[in-house]
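Do you have your viewer open and ready? Here is a short walk through the structure, one selection at a time.

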Amino acid sequence: MGRIFVTRPIPGVGIGLLEESVHEVEVNGEDRVLERGELLERIRGFDGVLTQMADRVDAEFLDAAGEGLKCVSNYAVGYNNFDVAEAKKRGVVCCNTPGVLTEATADIAWTLLMGVARRVYEGERMVREGRFGVWSPTMLLGGDLVGKTLAVIGAGRIGYAVARRAMGWNMKVMYVSRSVKEDWERDFGAEKVGLREALEGGDFVSVHVPLNEETTHLIGREELGWMKESAYLINTARGPVIDEKALVEVLQAGGIAGAGLDVYEEEPKLAEGLVDCENALLLPHLGSATIFTRSEMGRVAAENLIKVLNGEDGACVIEG
Ligand code: NAP
Ligand code: GLV
């Protein structure tokens, strides 16, 4: 039997599964991110920890937990908060929740894509603030979707689900990837292109790479300059993949038509000026935020811990 610590309450079936297991469970009952010092104090002596994106799992975390730690299971698919190499060196298994949040996150990417193109935020505010006078032929004209080109940066699970939705709009799909994806070419007639071609050719550019050293500021000032003035940039991956300060300048200058963002470089802080950009649609990291998806993430995160502590196969192990 092992001891498992959950750093923050999670909705759905996850905690119940842990409680029904042979392991002992302690949940930090307060619905807030534990301060670093508290976190390091609370994880001491546990065999497994169920973490959130805001919990940094590094050498200090691993030292604080102690030598008995066997598994850290992230309540997320992204694991840029983990030092996987350091954990591996110490024999600690790192896990995440791939797959179960793919469709919900693709839906949010499309919510942003349609919302920013059709100026939903500006229109909604106009109605609420009593500025909707009478229908006008020129009011809040936006961009079209049907027949346009979608460029997907990062052709993984979520990127694929975003591209699949584009078929309903008869869009041309291009993708940026480190390898050729035969299913993309077969299912969408999609073409593998370089980053520059994607940014120059995309009417909509949607970002789905994981955050790591290689992808930090993958889209910076120069790359933003490659985009068409009529194009929209959507980011549901991680904030630092885009240079947010440069993006604000480009949005202010009308260098692109708009941006739809679910994630930010210094989340939850926004780059100066972003909040005033009318051509940006901004969401508070809602990608996986559906009732079913968040429960499924809890199920997978809990099962990961149970499987690893039981010495069973089948956990979603991050290979690093
Ligand atoms: P995934 O299936 O692993 O897809 C990521 C893809 O990115 C992989 O296919 C990988 O390429 C590709 N890639 C990695 N580095 C690249 C690079 N330098 N250039 C081009 N492609 C690169 O992951 P996923 O499940 O789709 O999730 C993607 C990310 O979305 C997560 O890491 C997370 O940060 C984010 N996310 C956000 C939310 C939210 O709430 N907003 C929710 C879920 C996930 P290869 O195929 O060549 O290996
Ligand atoms: C959410 O951002 C995730 O990576 O699951």
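Begin by colouring domain 1 and domain 2 separately and looking at where they meet: about 550 Å² is buried between the two, and 49% of that lies on carbon and sulfur atoms. Keep in mind as you go that this is a predicted model.

To make the two selections, take residues 3-100 together with 291-309 for domain 1, and 102-282 for domain 2, as the domain assignment gives them. Domain 1 is thus written as two stretches of the chain. If you place a marker at the C-alpha centre of each domain, the two markers will sit 32 Å apart. The contact itself draws on 8 residues from domain 1 and 5 residues from domain 2.

Stay at this interface for a moment. How many salt bridges cross between domain 1 and domain 2? The rule finds 0. Polar contacts are there to look for, however: 2 residue pairs in polar contact span the interface, both at pLDDT 80 or more. On the side of domain 1 that touches domain 2, you will find 4 nonpolar residues, 4 polar residues and no charged ones.

Next, select ligand 1 and show the residues around it. There are 27 of them, and those that come nearest are Ile-158, Arg-178, Lys-181, Thr-236 and Asp-262. Colour this shell by residue class and it divides into 9 nonpolar, 12 polar and 6 charged.

Now for some distances. Which atoms of ligand 1 should you click on to pair with Lys-181, Arg-157 and Thr-236? For Lys-181, choose a polar side-chain atom, which lies 2.4 Å from an oxygen atom of ligand 1. For Arg-157, go to the backbone instead: an N or O atom there is 2.9 Å from an oxygen atom of the ligand. Thr-236 also uses a backbone N or O atom, but its partner is a nitrogen atom of ligand 1, at 2.9 Å. Switch on a surface and consider how covered the ligand is: taken alone, ligand 1 exposes 930 Å², and the protein buries 87% of that.

For the last stop, select ligand 2. Around it stand Met-53, Ala-76, Val-77, Gly-78, Leu-101, Arg-238 and His-285. By class, this shell holds 4 nonpolar, 2 polar and 1 charged residue.

Zoom in on Val-77 first, where a backbone N or O atom lies 2.8 Å from an oxygen atom of ligand 2. Move on to Gly-78, and there too a backbone N or O atom is 2.8 Å from an oxygen atom of the ligand. Then turn to His-285, which offers a polar side-chain atom 2.6 Å from an oxygen atom of ligand 2. Taken alone, ligand 2 exposes 190 Å², of which the protein buries 91%.

Methods. Residues are numbered from 1 along each chain as its sequence is written. Chains are lettered from A and ligands numbered from 1 in the order in which they are written. This is a predicted model: local features need pLDDT of at least 70, side-chain atom pairs count only at pLDDT 80 or more; totals for chains, interfaces and linings use all residues. Side-chain values use heavy atoms; hydrogens and water are left out. A residue is near a molecule or strand if one of its heavy atoms lies within 4 Å of it. A polar contact is a pair of N or O atoms within 3.5 Å; within protein, one must be able to donate a hydrogen and the other to accept it, and residues adjacent in sequence count only if both atoms are side-chain atoms. Accessible areas come from the Shrake-Rupley method with a 1.4 Å probe; for residues, only the protein chains shown count as cover. Ala, Val, Leu, Ile, Met, Phe, Trp, Tyr, Cys and Pro count as nonpolar, Asp, Glu, Lys and Arg as charged, and the others, Gly among them, as polar. Domain bounds come from an automatic or database domain assignment. Contact means heavy atoms within 4.5 Å. Buried area is the accessible area (1.4 Å probe) that two parts lose on being put together, summed over both. A salt bridge is a side-chain nitrogen of Lys or Arg within 4 Å of a carboxyl oxygen of Asp or Glu.
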